[in-house]
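Let's take a walk through this protein together, starting with its aromatic rings and moving on to its cores and pockets. Have the 3D view open as you read.

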Amino acid sequence: MSLSFASDNCAPVPQQILDAVARVNSGAMPSYGSDPETAAVEARFREIFDWPEARVFLVASGTAANALALSVLCPPYGTVFCSEVAHVHEDECNAPEFYTGGARLTLVRGGDVMTPEALRTALAAEGNRGVHGPKRAAVSVTNVTEMGNVYKLDELSALGAVAREHGLPVHLDGARLPMACEKLACTPKAMAEALGAEVVVFGGTKVGAMDVEAIVLRDGARADEMHYRIKRGGHLNSKGRYMAAQMAALLEDDLWHDLAARANARCGILRARIEDLGVEVINASHANMLFIRLPVRVHEALKARGVVHFFDSGAPEDVVAGRLVCDWSTSEDQVAGFLDALRMAL
């Protein structure tokens, strides 16, 4: 039995998505996103967010989605404010800087969950020096955060208010947005509206798709620029119907919500059982991701027993953080298998 808790990127693909891809794999269809499947997905996202003028662009990776989204909000001479451990900072290999043509990221200190006070401090520290400094251009928020925590709607609203005070558009990095919505029992619209987001990335891959992320632009006026940026960046998929079919399957009957609920539920059980064993869980809130603290020797013992997860390096007795991620396919048996391995390793 697989005991992989490394990432929701490692999960298999639900049958509904495979069936959807097979359904469009017949005959010829227009290329480069001009197919009816892509048009239907765009129409559905307009309904979901209640953004009548929204434009939607499908790409194959979260890195491309986030970097391209920021590129239409931030000019080359601008800066984007984000958490000091934001995915766009830690895990995108400077893709935002690349796709914006040289803009930079300004880190908001204080951990993975930005507070209005910390954002105001960062904005003030950057200042507004005219042509002698970068232009304050946008704010990027990730929900679920890279440390597994979930912003509540009122917390998002408070951040959005600060951004509006400074005239800054907001990007919502939604790699695990489905899990955050399920955790908060809210709709994607409610989350986007609370934050006042101008662009949302609706993550499909981590919730179960093969390789599709949706860039949802509130204002259709940015669409022409996005078309060019996607083409120039090498992300205009010629056979777009296959990505669209995946996203359409996720949106049909809110399959994304069901898949996110499965992942979150397994994670909730896992957290309760881990804490019953006296193991510290670091993240205060959670959706489908936990960070735990254990000696390196225990992490290594888990690895030896077949548990796949990420953990920091160190000497055997050093207590370090480890990450556990549940996905839509994580089973009760896998959770039980992990707990058995943990008991033996402690």
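Across the whole structure, which is a predicted model, a search turns up 6 aromatic pairs. Take Phe-45 and Phe-49 to begin with: their ring centres are 6.2 Å apart and their planes meet at 25°, so this pair counts as stacked. Planes have to be under 30 degrees apart for that label. Both residues sit in helix H2, 4 residues apart, which is about one turn of the helix. Are they buried or exposed? Phe-45 and Phe-49 are both buried.

Now hop from Phe-49 to Trp-51. Here the ring centres lie 4.9 Å apart with the planes at 25°, so this pair is stacked too. Trp-51, like Phe-49, is buried. Put these rings together with Phe-202 and Trp-256 and you have one aromatic cluster, made up of Phe-45, Phe-49, Trp-51, Phe-202 and Trp-256.

Phe-45 turns up again in the largest nonpolar core. In soluble globular proteins, nonpolar side chains tend to be buried together. This core has 64 residues, and Phe-45 is one of those that touch the most other members, along with Leu-58, Leu-119, Val-139, Val-141 and Met-247. Helix H11, residues 241-251, gives the most to this core, with 7 residues. For a closer look, pick Leu-119: leaving aside residues up to four places away in sequence, it touches Phe-81, Val-108, Met-114, Val-139, Leu-159 and Val-162. Apart from the largest core there is another one, of 29 residues, including Ala-64, Val-88, Val-199 and Met-226.

So much for the packed parts; what about the empty space? The largest pocket holds about 400 Å³. It is lined by 22 residues, and the closest to its centre are Asn-9, His-87, Asp-91, Glu-146 and Lys-206. Two helices, H3 (62-71) and H4 (87-90), are the elements that give two or more residues to this lining, and H3 gives the most, with 3. By type, the lining divides into 5 nonpolar, 8 polar and 9 charged residues.

The second largest pocket has a volume of about 270 Å³. Of its 16 lining residues, Tyr-32, Gly-33, Thr-38, Val-56 and Phe-57 are the closest to its centre. Helix H2 (36-49), home of the Phe-45 and Phe-49 pair, supplies at least two residues here, as do strand S2 (55-59) and helix H10 (223-232). Which element gives the most to this lining? That is S2, with 4 residues. This lining divides into 8 nonpolar, 6 polar and 2 charged residues.

Technical notes:
Residues are numbered from 1 along each chain as its sequence is written. This is a predicted model: local features need pLDDT of at least 70, side-chain atom pairs count only at pLDDT 80 or more; totals for chains, interfaces and linings use all residues. Side-chain values use heavy atoms; hydrogens and water are left out. On a 1 Å grid over the protein atoms alone, a cavity is a set of points where a 1.4 Å probe fits but cannot get out, and a pocket is an open set with protein on both sides within 12 Å along at least five of seven lines; lining residues have an atom within 4 Å of a point. Grid points are joined across faces, edges and corners, and a volume is the space filled by probe spheres set on the points. Ala, Val, Leu, Ile, Met, Phe, Trp, Tyr, Cys and Pro count as nonpolar, Asp, Glu, Lys and Arg as charged, and the others, Gly among them, as polar. A nonpolar core is a set of buried Ala, Val, Leu, Ile, Met, Phe, Trp, Tyr and Cys residues joined through side-chain atoms within 4.5 Å. Buried means under 20% relative accessible area, exposed over 50%, partly exposed in between (1.4 Å probe, protein chains only). Contact means heavy atoms within 4.5 Å. Rings of Phe, Tyr and Trp (its six-membered ring) pair if their centres lie within 6.5 Å; planes under 30 degrees apart count as stacked, over 60 as edge-to-face and the rest as tilted.
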